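Subject: Structure for your review

Dear colleague,

Please find below the structure that I am handing over to you. My notes on it follow directly after.

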Amino acid sequence: MAYNTRLQFAPQPGRQPAQYLNHKVSDLSDSPYNDETSPSRIRGRESLVSLKSSYESPRLDTASDDSTFEPGSSWSVPFIQSGGGRYQPVPPSGRSTSNYGRFKSFRPRAQDTIHEDESIDMSLLGAAAPPGRCGSYEPVSGDEPTEPAVDLTSFSGPMGPQDQAFLRSLQEQEAKGKLTGGLGEGMSPKATIKGDQLIASSPLKRSFTGSFSMRRAPSSKPGAGLKELGQSEANRRGEVIEVVIEEPEIDLSSMVGPSAVGLDPNQIRHSMLPAQKSKTEVFYPQPDWKPFSMRWPYITGLILLSVGLAITQELLYQKSAREPLVKFQRATDLGPGLYFTLKFVPTIITVTYGVLWQNTDFEVKRLEAFYQLSKEGGALAAESINVNYVTLFNFARPFRAVRRKHYAVAISSVATLLAVSLVPTLGAAALVVGPDQSTRLQDPNIEKTITIQPVLSRLLTVTFLVISILGCVLLYQISIRRSGLLSDVKGIAGLASMAVVSHIMMDFKDMDVAKPKDIHHKLKNRRYALRNSSLVPEDTTPVSSLESDKYKDAHLPENPHPLMLRASGCVPFIVGILLFLGFIPVLLFTPASVLTNKAPWVVTALAVCIKLTWGSLEIAIRMMEPYYILSKRHAPAKILTLDYTAMPFAVVAAHAFFNRHWIMFLVGWGSIMVEALTIFVTSLATVEGKDFLDILNRAEAHADESTEFLHKGLGSGSETVLSFTVTLALTALILIYLCVVATTVFVRRRHPFLPRQPNTIASVLCFIHQSKMLYDFVGTAKFTNTQMRKRLESLGKTYGLGWFDGRDGQTHCGIDEEELTGNYKHGIDYSQGNKPWLTEWQLF
């Protein structure tokens with residue numbers, strides 16, 4: 001607020017010294033207004049009420065005119081002398097007294113006084129008329145320049161004693177558990193609606209185009225319908241509303257039967273009338289944002305695709321049972337189009353089918369915690385903010401989800417495992433080249449056929465049908481629940497904006513470097529909810545003893561580094577890639593090729609194992625990359641909104657390339673190449689390498705035939721020399737690339753740089769619960785990721801991960817705005833830096 005220091009208060013020429021206002025003109029003094037007669041010599045402040053007044057006016061007579069005021073009126077004017085004199089408002093010149101009807105609003109206010117507002121711009125006093133002025137009012141010119149409000153703190157220089165005392169008071173409040181600076185303000189209803197009005201104006205409707213969801217039948221209880229209407233109205237408005245519910249309270253005296261002798265029935269007539277008892281209930285909006293891969297069109301498409309593939313597979317089998325799908329003698333008899341269709345199209349379809357299911361499964365795992373939080377009554381911490389499905393091992397995930405009754409995660413995980421692992425393996429093994437390999441080797445010119453193996457074909461068809469059924473169940477599970485999200489929650493900023501409204505941050509006090517087991521034991525008896533896009537503690541529903549004993553163990557990794565970034569996980573994976581690289585020529589050019597002849601699906605299964613393991617490595621890099629950048633200090637604001645775990649397949653590599661995050665780019669590109677590995681390896685499973693060596697030896701002996709060498713077909717299969725060479729070379733290059741990238745990741749990211757893995761909501765909140773940057777997130781609960789990024793970038797701050805002075809004045813470890821007080825080094829407690837005897841000597 002800008003103050004005009006040039007304004008001076010001088011006595012008016014016409015004012016009588018003997019007559020002064022014997023009342024409290026201002027909060028500054030109770031002394032008389034005229035400073036010449038004031039014993040304290042303190043000059044009072046001019047009144048801001050611009051009304052023409054006359055002192056010692058006679059008492060007002062009772063009249064019907066609205067412009068007069070009765071002496072006994074409930075509205076009292078504060079300018080009252082001991083003699084009972086009052087000031088009578090007079091309308092400005094040029095206006096009729098009938099316009100003073102607007103003062104009717106002051107009549108019902110009993111013994112109210114006009115308080116001066118300290119927030120008024122004092123520059124307006126230049127145009128205010130002092131009491132006792134009889135002239136007309138001059139309008140304030142709109143052309144006068146206004147003095148801009150200036151933040152004087154930017155010119156205050158170093159902090160003074162008063163500033164330091166104020167800062168210490170804030171730190172004391174934070175240390176006592178009271179949030180400051182707008183944090184933890186809570187939510188208040190934006191509107192109040194009566195139940196009768198809600199029933200009359202808001203019929204319960206459901207639009208097919210607006211939301212394709214299934215809802216339960218309405219309850220027979222009378223209050224249940226009103227609750228549904230209240231929730232529907234809150235969802236429609238998108239804000240918190242309060243509904244006033246009036247319930248009739250029946251007096252039991254109306255049920256006593258006939259009146260007693262000598263009792264007048266009229267005297268108890270009032271007890272027969274029902275009394276209205278009012279209560280209020282608050283409804284929070286429950287938005288239902290979902291990513292596209294979780295919406296009904298996408299999942300319905302997956303269901304129809306599964307059914308379509310099952311029908312196609314059965315039709316191909318029926319045709320193959322009547323006659324072979326393809327007949328040929330040499331590989332050169334197959335045209336390029338037919339060759340590509342037979343060798344690559346089936347595997348491409350099965351691999352793409354698995355990728356489509358992976359997109360849905362990843363989003364279901366990532367958002368399940370928010371679905372649990374948005375339930376009525378919230379959810380336990382072990383079922384919501386402290387649950388981890390993203391980095392959990394693939395085959396263990398369904399069992400963990402069933403135990404927590406997270407059926408959507410269990411169903412999605414099973415369907416994805418079948419689509420990613422079993423479908424490509426069965427699809428590659430179902431196509432059989434006849435006759436058997438020994439017969440083809442003895443007579444290379446024999447007629448060859450491609451048919452479908454009956455047992456494997458039926459297994460593949462059943463697998464497609466099972467996945468389609470699981471897809472239907474998943475669609476039902478997603479449709480009957482609401483996510484509670486307005487938009488996607490991405491990165492550290494997304495969780496921070498949801499946690500600043502309530503006092504949830506106080507639950508993570510002294511848990512900066514706590515292990516997952518300690519976090520679990522502290523939060524296992526607490527319940528949390530998602531209300532109006534904000535995380536809040538749910539205290540209305542107590543935790544029973546059965547629920548508290550339900551999750552005794554955390555089931556979260558205690559190691560601060562993911563398994564695939566440690567030697568125990570990454571080194572065996574690298575060795576496995578090298579072994580598989582050496583295993584391919586052994587299967588092709590040695591007698592061990594009999595294994596692929598008897599079980600051609602083995603090679604495909606090994607490639608699928610490499611793909612699943614590489615997926616675990618990619619997930620670890622996705623999760624840790626923003627925190628690694630923050631650990632390097634002075635990271636830009638966009639890192640707080642960066643979330644690679646929320647990006648679909650193949651998009652990660654593109655984003656990482658433009659962000660110049662090269663490790664993330666290499667790993668993301670490797671995920672694309674590992675899908676191609678499955679396709680190429682499957683085509684090699686039916687090739688006899690001995691034919692290739694024989695043709696190579698003949699080409700060396702007869703130089704004149706070398707020009708036709710690449711176009712010759714391998715007698716035992718459907719491959720040519722050129723196609724076999726290209727496929728083998730691409731397979732080797734992909735495996736070498738995966739090995740090199742995995743080795744690079746291990747060398748550069750093998751050291752822990754966090755006290756624990758940020759794999760749960762609770763773990764991330766522990767990193768920021770005392771950060772000063774939380775002040776920048778106040779009022780951003782409903783921001784989108786783009787809006788949040790623009791807001792943070794406009795502040796011009798940088799951020800880092802390490803040790804910093806929190807809002808309570810203590811030293812904390814986590815993420816905050818720069819400058820931090822120190823970097824984080826695993827195993828060293830910076831807060832105990834002046835106590836070296838508490839640190840293990842190996843860490844120095």
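Which strands does α16 lie across, and at about what angle does α16 run to β10? The helix α16 lies across β10 and β11, and its direction is at about 60 degrees to that of β10. Please bear in mind throughout that this is a predicted model.

The sheet beneath this question

The strands β10 and β11 belong to an open sheet of three strands, whose order is β11-β10-β12 and whose pairing is antiparallel. The edges are formed by β11 and by β12 (822–823), each of which pairs on one side only. Between β10, which covers residues 799–805, and β11 there are seven bridges, and the two strands run antiparallel. As one point of reference, L801 has I815 in β11 as its bridge partner.

Helix packing around α8

The helix α16 (residues 601–631) also packs with α8 (residues 407–430); the angle is about 155 degrees and the axes are 9 Å apart. Because an angle over 145 degrees counts as roughly antiparallel, α8 is roughly antiparallel to α16. Their crossing is right-handed. On the α8 side, the residues that meet α16 are V420, S421, P424, T425, A428 and A429; on the α16 side, they are W601, T604, A605, V608, K611 and L612. Sorted by class, this contact of α8 with α16 holds eight nonpolar, three polar and one charged residues.

A second partner of α8 is the helix α10 (residues 454–479), which packs with α8 at an angle of about 160 degrees, the axes being 9 Å apart. This angle makes α8 roughly antiparallel to α10 as well. The crossing of α8 and α10, however, is left-handed, whereas that of α8 and α16 is right-handed. In the contact of α8 with α10, the classes are 21 nonpolar, five polar and no charged residues.

A buried helix

Is α21 mostly covered or mostly open? The helix α21, made up of residues 761–768, is mostly covered, with eight of its eight residues buried. These are I761, A762, S763, V764, L765, C766, F767 and I768. Their packing partners include the helices α6, α11 (491–499), α12 (516–523) and α16. Strands β9 and β11 (811–817) are also among the elements against which the buried residues of α21 pack. Through β11, the description of α21 therefore returns to the sheet with the order β11-β10-β12.

A further sheet and the loop before it

The strand β9 leads to another open sheet of three strands, with the order β5-β8-β9 and antiparallel pairing. Here the edge strands are β5 (379–380) and β9 (534–537), and each pairs on one side only. Strand β8, residues 527–531, pairs with β9 in the antiparallel sense over four bridges. Within this part of the model, Y528 stands opposite P537 in β9.

Where is K375 placed? The residue K375 is in the loop between α6 (345–373) and β5. With a relative accessibility of 35%, K375 counts as partly exposed, because that class lies between the limits of 20% and 50%. The C-alpha atoms of K375 and A529 are separated by 7.3 Å, although the two residues are 154 residues apart along the chain.

Yours sincerely

Definitions and conventions:
Residues are numbered from 1 along each chain as its sequence is written. This is a predicted model: local features need pLDDT of at least 70, side-chain atom pairs count only at pLDDT 80 or more; totals for chains, interfaces and linings use all residues. Side-chain values use heavy atoms; hydrogens and water are left out. Axes are lines fitted to C-alpha atoms, for helices over the stretch in contact, and angles run from 0 to 180 degrees between N-to-C directions. Angles under 35 degrees count as roughly parallel, over 145 as roughly antiparallel, 65 to 115 as roughly perpendicular and the rest as oblique. A crossing is left-handed if the near helix is turned anticlockwise from the far one by less than a right angle, and right-handed if clockwise. Contact means heavy atoms within 4.5 Å. Ala, Val, Leu, Ile, Met, Phe, Trp, Tyr, Cys and Pro count as nonpolar, Asp, Glu, Lys and Arg as charged, and the others, Gly among them, as polar. Two strands pair if DSSP finds at least two bridges between them. Buried means under 20% relative accessible area, exposed over 50%, partly exposed in between (1.4 Å probe, protein chains only).
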